[in-house]
Amino acid sequence: MLEDSQRRNALFAVAFIDLDRFKMLNDSLGHSFGDLVLVEAARRLVIGMRGQGQVCRFGGDEFVLIVSELATAEEAQGIIRSALESLCTPFGVDGQEVRLSASVGVVVGPTADSPKAEDILQNADMAMHRAKDTGRDRIRMFHPGMLRRARELMALDADMRRALEREEFLVYYQPVMSISGERTLGFEALVRWKSPTRGLVTPHAFIPHAEESGLIVPLGELVLRRACATMAAWRQRYPAARGMTLAVNLSARQFVQPDIVENVRQILRESGLPPAWLKLELTESTLMGDPETALSSMRRLKALGVSLAIDDFGTGYSSLAYLQRFPVDMLKIDRSFVQDLPREDSDSRELARAIMALARSLRLGVVAEGVETREQLELLAELGCEAVQGYYFSPPLPEAGVPEFLGPSAEAGLPEDEPGQA
Ligand code: C2E
Ligand code: CA
Ligand code: CA
């Protein structure tokens, strides 16, 4: 027991526990099995707490631990860890071995001036979500920075929704060039946000949040629609553009929309861009989330006549088996390999060589990304790479900057209309 003076300085701790992948367990082994697991999980938390606090079921697969009259934060962590250890020790249910893990958010504070109970729970919940987002199976302590971040994200989200309505998103185009630099092979569409308050915002600052909030779905659709329409217009005006491809990034969240194939079909039809000239870029992690569904969507997209590329190749799972299974047409060698190419001591050259050999044997096209120097370009040429993209030739350009990469316009050779005629 604590003395009076100690009690005045005493701490409390609240831990918000969410079991990892419990839904999967429920879906695969049935709800009654899931119920038994929850009962056992609760029992194990109680045992692990050793009478040093309370265990509550919060709902579903969520539990809350409450510990009070603690002298130090370490003490709180010790008790919570002990409860989790007990929870995560494998156990048997109905002859099945169950191994649980949990994501946990913890709030520790002075009992004397503790905030409202619902605020404490909300903060613990927020820390729990950070634990989930950063890979599950871990404890995250709440700190005020998390609140600030959450507010910033909310503001960003509200700004982005407004920006969609006000058409503040623009599409830039980066040329993909033949390795000699003589021919434009196509363009990659890259989104930009021209915000009246934030300035020109790069995708890194908003795509991850848009992905999380789901806003990437309407945003991605907007980019696809606009890029296809623009490319179709260039094809009308510039004969050489009829031989150029348009690459558009497809985020994971977009790719798993049930109507994604129908959407792409619709947008292609509206724009008049022949499907063969559209290339959709997917990342390895998009495909590996749910390989079966991915495979079926890819087949249906391919059936429309579009081609598929793997973006940032070599940075993700690098599981080669899937390359054979998935109907992919092209790999984009990630910028990180290209950047390291000139360094004699780096593995990048060997890796790039291996990727080129792999692509050749699977008959896949290759585009090297992020080429900035002549030296990188020459090394890529030695490796047999035929298509490159990067600042060496051009940064992503606003629409008005693209014509110099499109060759002469159809009207260029025709005599100008004389004013007053017609
Ligand atoms: P990404 O698809 O890998 O696109 C290539 C990025 O590399 C672009 O950045 C481009 O500006 C940059 N880059 C090109 N050449 C060079 C170079 O020589 N050196 C360097 N240092 N960088 C170069 P950006 O436009 O900032 O886009 C970043 C990422 O945001 C993209 O990476 C893509 O993952 C995502 N993104 C952009 N637009 C869209 C979009 O419309 N939809 C989706 N889902 N994602 C997008
Ligand atoms: Ca890309
Ligand atoms: Ca890339």
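Two calcium ions, ligand 2 and ligand 3, lie 4.0 Å apart in this predicted model, and Asp-311 bridges them. Glu-281 belongs to strand S12 (residues 278–283) and Asp-311 to strand S13, so this pair ties together parts that are 30 residues apart in sequence. Strands (E, at least two residues) and helices (H or I, at least four) are DSSP runs, numbered from the N terminus.

Here are the protein donors of both ions. Donors are N, O and S atoms within 2.8 Å of the metal (3.2 Å for Na, K and Ca), and since water is not among the atoms, sites may look incomplete.

| Ion | Protein donors | Distance | Spacing in sequence |
|---|---|---|---|
| Calcium ion (ligand 2) | Glu-188 (OE), Asn-249 (OD1), Glu-281 (OE), Asp-311 (OD) | 2.2 to 2.3 Å | E-x60-N-x31-E-x29-D |
| Calcium ion (ligand 3) | Asp-311 (OD), Asp-312 (OD), Glu-369 (OE), Glu-369 (OE) | 2.2 to 2.6 Å | D-D-x56-E |

Before we turn to the organic-looking part of your view, a word on conventions. Residues are numbered from 1 along each chain as its sequence is written, while chains are lettered from A and ligands numbered from 1 in the order in which they are written. As this is a predicted model, local features need pLDDT of at least 70 and side-chain atom pairs count only at pLDDT 80 or more, whereas totals for chains, interfaces and linings use all residues; side-chain values use heavy atoms, with hydrogens and water left out.Now to ligand 1. Around ligand 1 there are 22 residues, and those that come nearest are Gln-174, Arg-192, Asp-311, Glu-372 and Tyr-391; a residue is near if one of its heavy atoms lies within 4 Å. By class, this shell has 9 nonpolar, 6 polar and 7 charged residues. Here Ala, Val, Leu, Ile, Met, Phe, Trp, Tyr, Cys and Pro count as nonpolar, Asp, Glu, Lys and Arg as charged, and the others, Gly among them, as polar.

Strand S9 (184–195), helix H7 (203–213), helix H8 (216–237) and strand S13 (307–313) each supply at least two residues of the shell. The largest share, 4 residues, comes from S9.

Polar contacts (pairs of N or O atoms within 3.5 Å) link ligand 1 to the protein as well. The side chains of Glu-188 and Asn-249 each place an N or O atom 3.1 Å from an oxygen atom of ligand 1. Both residues are also donors of the calcium ion (ligand 2). At Val-191, a backbone N or O atom lies 3.1 Å from a nitrogen atom of ligand 1. Taken alone, ligand 1 exposes 800 Å², of which the protein buries 86%; areas come from the Shrake-Rupley method with a 1.4 Å probe.

Definitions and conventions
A polar contact is a pair of N or O atoms within 3.5 Å; within protein, one must be able to donate a hydrogen and the other to accept it, and residues adjacent in sequence count only if both atoms are side-chain atoms.
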